[in-house]
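Work through these short exercises with the model open beside you. Try each task before you read its solution.

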Amino acid sequence: MEIKIDNQDCVTVARISGSLDANTVGNAQDMIMPLITANCLLVLDMGQCDYVSSAGLRLLLMVAKGFKTIEGGRWCLASVSEEIMDVMEMTGFVQFFKTLDTVENAMEAVQKGE
Amino acid sequence: MLRIDASPTHKHGSFNLRPGKPLPFGATISPGGGVNFSIYSRNATSCELVLFRKREPEPYATIPFPDEFRIGNVFTMVVFDLDFENIEYGYRMDGPYNPDEGHWFDRTRILMDPYAKVIGGRDVWGEEPDWDNIYPHRARIFFDDFVWEDDHPPEIPLEDLIIYEMHVRGFTRHPSSGVKYPGTFTGIREKIDYLKELGVNCVELLPIHEFDEFENSRPSPSNGERLMNYWGYSNVGFFAPKAGYAASGKFGMQVDELKALVKELHKNGIEVILDVVFNHTAEGNEQGPYISYRGIDNKTYYMLTPEGYYYNFSGCGNTLNCNNPIVRNMILDCLRTWAADYHIDGFRFDLAAILGRDQNGAPMNSPPLLETLAFDPILGKCKLIAEAWDAGGLYQVGSFPSWGRWAEWNGKYRDDLRRFLKGDSGIVDAIMQRLQGSPDLYQMRGTNASINFITAHDGFTLMDMFSYNEKHNEANGEDNNDGENDNSSWNCGWEGLTDETEINRLRIKQVKNTVSMQLVSHGTPMILSGDEMGRTQLGNNNAYCQDNEISWINWELLDTNAEIFRFYKNMIAFRTAHPVLRGQIHFQGKDYVGSGYPDISWHGAKAWEVDHSDDRPIIAFLLCGLHAREGTEKDNYIYVAMNMHWDTHVFELPQLPEGLQWHVFANTDMQPPGDISEVGSETRVEDESKFIVGSRSVVILVGK
């Protein structure tokens, strides 16, 4: 698992590649959670993420909860694979996340606050 | 804050360890880091923890419990730095092997934790397992942190409950279901709108604890198709949901998926009752496999004869030793887990009479297990429903120890209604009891003791009850010797499917007669999933092994039998709209609110007269709406005439209070749409003094 963080047009884009599971969530958490600050705009690009385990879903849920504790700020998942999307649907996690098909659409959404 | 217990004290090879906590049993992610393993065995002399990487054939580590880690009869330790998401664990136990004395220890076997919260090995339903697997059902570790938000069990009173008994897989497995995830918990979630349209407010799921669908699997002699353990009345583990029922089972996320289903059902006002099987396990008799209990402490977990053989009160090879204190606690822990972690609303106990037997198999007066469950604080609002008999001949319908908490599957309700519906004579007095919530059986317990069912998974479907005189179980491969012989069914003139319009009309009418009577009865109705669309099993009354179209619901029947569905839906709406049908206290047969009418009165062809000497199956009753809920609510007057005779009969109608008129809600003798109306749109009768009730018909009138 690897995470690359970029800033584009006031939006932080974190590109997660590889597997998000119990082995890697610790690192992922250390990198992503500090990005959640007042009025931040964050897109998690899941295009290169091939697997999200139960622990991985829980990290995403922590991100969602993190955004509830700050002033302003918006976030969105982008390019989630069909398989991961299915798992989020089956387990009910999907209700906590906003997901969009491309990074561009996700960036636009968090910028506009749609 | 740093915790001292986050530091290991011992080492085994590369594993860091420290002494564990004996409670809770099972594998728990410990707050100080590490995983706390704890397992009971009274007779084991030593124990080893065996660790596998997920799905690998051989273990990667074996860690003996050091002697100093054992507390009493509990082996416990914390193991640090485990990749808990990707491992599976089991135990090896050493101890005496002496079946005459009840001991079956075998240190070569790898045993599943009886408290395993997730069990791998049958992750995808029907996927051929590796038969050489040295550890086929594998305990896994799960982090229990589901986000329930503000979910709360609806806590619907039993008298207001309408139970829908269903099979998780069979409900949506058929391609006609149209769901994205057929045959799964998610599939049910996709069908919630259907359940709401039907109007039921509780689903009772056939066993969803982990079981082995391949147990006793074999080819069918009739078509070669594989027969499976489809119903699942054979537990591998009591604490883990069936992985194969989860679309996400292949990812090991069945716990979250089931919880998401419960949460969504609750959000829609629907409760969840689980059918739980504590009478035996999947380990079978002396020839059965070692899965868990047998190798951990055979003498504790099973009822044994003085010679060391398994008692077989379950008809399934062994009998769980329910009133052994250890097993009793396990059952309690298990139900508490389902109530607290999964927000389950109630339990139906399979062959519950076994739960009242002592360790030698003798029925007890005040069985401690049943009493414990009745008074347990965590289960305090859960429905407790007993199947009040067992395969050892103990029949306790009407006498199951209840402490005011236990309800029963009312087997007499089923039997008497079936006989009445097929037109037997001499049954009217019994029917009067059944319609009132069986006060003859439950006088002190009220109507909530009686679960009124006529069909259930075990037996004919309702349509088959009126299509077959005899069972047709050849497809089960047991020469038609399995399944109940005494069905009180009637084929309406032809055995099985027919093109005869008259016979088919009569069958549909009989289905409507049944649901009419069931939904105006006091007590809690339970309907069998699929009956509301006239489902057939082609005469198979024991489809426990049929994972195919015999058992699956064919949703096209909703079109074929649209009139049956409409009838069910409107009858459910009628029951829901009329509190006078849903009293918690039995009727008294007298007027105690000053309305001039008794709460219930009985009638025959003549108003106010029941001719008990009349052998014809004819009866009618009148409910006084001012007595609804013991006079605390106002409702309409309701009159129900039941004529199961082959001839038409004129029923003289009881006179209503001045200003009220009779309106027809249902008349099963009529073709749709005249067979039933929408609630509130009933039309006035032509003649207030009498009503012609067709042969084998039920008429429901509303006085308003």
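**Exercise 1.** Find which residues touch the most other members of the largest nonpolar core.

*Solution.* Start with the term: a nonpolar core is a set of buried Ala, Val, Leu, Ile, Met, Phe, Trp, Tyr and Cys residues joined through C-beta atoms within 7 Å. A residue is buried if 20 or more other C-beta atoms lie within 10 Å of its own, with C-beta atoms placed from the backbone. The largest core holds 240 residues. In this core, V43(A) and V640(B) touch the most other members.

The model is predicted: local features need pLDDT of at least 70, side-chain atom pairs count only at pLDDT 80 or more, and totals for chains, interfaces and linings use all residues. Residues are numbered from 1 along each chain as its sequence is written, and chains are lettered from A and ligands numbered from 1 in the order in which they are written.

**Exercise 2.** List the contacts of V43(A), leaving aside neighbours within four places in sequence.

*Solution.* Two residues are in contact if their C-beta atoms, placed from the backbone, lie within 7 Å. V43(A) meets V11(A), V13(A), C76(A), A78(A), V103(A), A106(A), M107(A) and V110(A).

**Exercise 3.** How much of chain A is buried?

*Solution.* Take the 114 residues of chain A; 40% count as buried.

**Exercise 4.** How many residues does each chain bring to the contact between chain A and chain B?

*Solution.* Chain B gives 18 residues and chain A gives 12 residues. Now look at helix α4 of chain B, residues 254-267 (a DSSP run of H or I, at least four residues, numbered from the N terminus). This helix gives the most to chain B's side, with four residues.

Key: A residue is buried if 20 or more other C-beta atoms lie within 10 Å of its own, exposed if 12 or fewer, and partly exposed in between; C-beta atoms are placed from the backbone. Helices (H or I, at least four residues) and strands (E, at least two) are DSSP runs, numbered from the N terminus.
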